[in-house]
Amino acid sequence: MLWYCSFTWHADTTRQQVAERIVKMHDAGVHRSDQIKSWYNLAGGGSGFLLVEMQTPQQLTAMLQPYMDLMDWDVRAVYALNYDEQIQQFRQMASHAPVAP
């Protein structure tokens, strides 16, 4: 399952703390590059999001919990859509929509 994991550093979190924790968790095998499908930082720093592939929410929680003293997480399950297929479905839905009075 694919998870959208948005993060925002706490006000007192430093780059050094984040760097040390990420290296520590990576070296401990808590997360791997094949699980993190995408990693984005927002301009300005201190926030961003990951797209993570994990089988269960429990596995994802185990990966994110070691960072909870440094940052807040907003986590949601997500799935991909094919743009062209969605447009077709929307066209079909729109053609059957009731006409407004």
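This dialogue explains how to read salt bridges and nonpolar cores in the structure above.

Me: What kind of model is this, and how are residues numbered?

Reply: This is a predicted model, in which local features need pLDDT of at least 70, side-chain atom pairs count only at pLDDT 80 or more, and totals for chains, interfaces and linings use all residues. Residues are numbered from 1 along each chain as its sequence is written, and side-chain values use heavy atoms, with hydrogens and water left out.

Me: How many salt bridges does a search of the whole structure find?

Reply: Side chains of opposite charge can pair when their charged atoms come close. The term salt bridge is used when a side-chain nitrogen of Lys or Arg lies within 4 Å of a carboxyl oxygen of Asp or Glu. Across the whole structure, 4 salt bridges are found. One of them joins the side chains of Asp69 and Arg21, at 2.7 Å from N to O.

Me: Where in the chain do Asp69 and Arg21 lie?

Reply: Helices (H or I, at least four residues) and strands (E, at least two) are DSSP runs, numbered from the N terminus. Arg21 belongs to helix H1 (residues 15-27), while Asp69 sits in the loop between helix H2 (57-64) and strand E4 (71-78). The two are 48 residues apart, and the pair links distant parts of the chain.

Me: Which residue forms a salt bridge with Lys37?

Reply: The partner of Lys37 is Glu53, with the closest N and O atoms 3.7 Å apart. Lys37 lies in strand E2 (residues 36-41) and Glu53 in strand E3 (residues 47-53), so this pair ties together parts that are 16 residues apart in sequence.

Me: Is Lys37 buried or exposed?

Reply: Buried means under 20% relative accessible area, exposed means over 50%, and partly exposed lies in between (1.4 Å probe, protein chains only). Lys37 is partly exposed, at 45%, and Glu53 is partly exposed as well, at 37%.

Me: Which residues make up the largest nonpolar core?

Reply: In soluble globular proteins, nonpolar side chains tend to be buried together. A nonpolar core is a set of buried Ala, Val, Leu, Ile, Met, Phe, Trp, Tyr and Cys residues joined through side-chain atoms within 4.5 Å. The largest one here has 9 residues: Trp3, Cys5, Ile36, Leu50, Val52, Met54, Leu60, Met63 and Leu64. H2 gives the largest share, 3 residues.

Me: Which residues does Met63 touch?

Reply: Contact means heavy atoms within 4.5 Å. Leaving aside residues up to four places away in sequence, Met63 touches Val30, His31, Ile36, Leu50, Val52 and Met54.
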